[in-house]
Amino acid sequence: MAEDRTKSALKRVAQALSVNEDVFLAGHPRGGSPAKAASEELELLRLFAAIADPEMRRTCLRYVQNLADSSDMAAG
């Protein structure tokens with residue numbers, strides 16, 4: 001049941017962004033199930049959208065970008 005809701009929400013996000021929903025499922029470096037990864041991504045999007053202050057959103061985005069960059073450097 002939760003997986004159906006996740007897939008449905010993922011489909012809506014993909015449509016809103018005009019991308020194929022497979023974009024969210026391909027190439028997850030951390031392993032795990034694609035449904036779990038999609039659920040985490042949707043939660044991140046939901047929380048990010050809830051941040052009303054534009055400066056705090058930019059700070060959050062920079063933080064996540066730095067984490068991703070650090071992860072990329074550690075991996076390879």
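This briefing describes the fold, two of the helices and a nonpolar surface patch of one protein chain. The model is predicted. The protein chain holds four helices and zero strands, and the order of its elements from the N terminus is α-α-α-α. Of the 76 residues in the chain, 11% are buried.

**Overall architecture**

- About 6,000 Å² of the protein chain is exposed, and 60% of this area is supplied by carbon and sulfur atoms.
- Among contacts with a separation of 6 or more, 29% link residues that lie 24 or more positions apart.

**Helix α3**

- Helix α3 covers residues 34-49 and comprises 16 residues.
- From its first C-alpha to its last, α3 reaches 22 Å, which is close to the 22 Å expected at 1.5 Å a residue.
- The buried residues of α3 are A37, A38 and L42.
- Viewed down the axis of α3, these buried residues fall within an arc of 135°, and they therefore line one face of the helix.
- As general background, an α-helix has 3.6 residues a turn, so residues three or four places apart point the same way.

**T6 and its contacts**

- T6 belongs to helix α1, which spans residues 2-17.
- The relative accessible area of T6 is 14%; because this value is under 20%, the residue counts as buried.
- When residues up to four places away in sequence are left aside, T6 touches A35, A38, S39 and L42.
- Two of these partners, A38 and L42, are themselves listed among the buried residues of α3.
- T6 and E40 are 34 residues apart along the chain, and their C-alpha atoms are separated by 9.6 Å.

**Nonpolar surface patch**

- L44, Y63, V64 and L67 form a nonpolar surface patch of about 380 Å².
- Helix α4, residues 54-75, provides the largest share of this patch, with three residues.
- L44, another member of the patch, is placed in helix α3.
- L44 has a relative accessible area of 46% and is partly exposed, because this value lies between the 20% limit for buried residues and the 50% limit for exposed ones.
- Membership of a patch requires over 30% relative accessible area, and L44, at 46%, therefore meets this requirement.

**Helix α3 in summary**

- Helix α3 contributes A35, A38, S39 and L42 to the contacts of T6, and L44 of the same helix takes part in the nonpolar patch.

Methods. Residues numbered from 1 in each chain as written. Predicted model: local features only at pLDDT ≥ 70, side-chain atom pairs only at ≥ 80, totals over all residues. Heavy atoms only, no water. Patch = residues over 30% accessible without salt bridge, like charges linked within 9 Å, V, L, I, M, F, W, Y side chains within 5 Å. Areas by Shrake-Rupley, 256 points an atom, 1.4 Å probe, with all protein chains shown as cover. Salt bridge = Lys/Arg side-chain N within 4 Å of Asp/Glu carboxyl O. Helix = DSSP H or I, 4+ residues; strand = E, 2+ residues; numbered from the N terminus. Buried < 20%, exposed > 50% of the residue type's maximum accessible area, 1.4 Å probe, protein only. Expected span 1.5 Å × (residues − 1). Arc of directions from axis to C-beta. Contact = heavy atoms within 4.5 Å.
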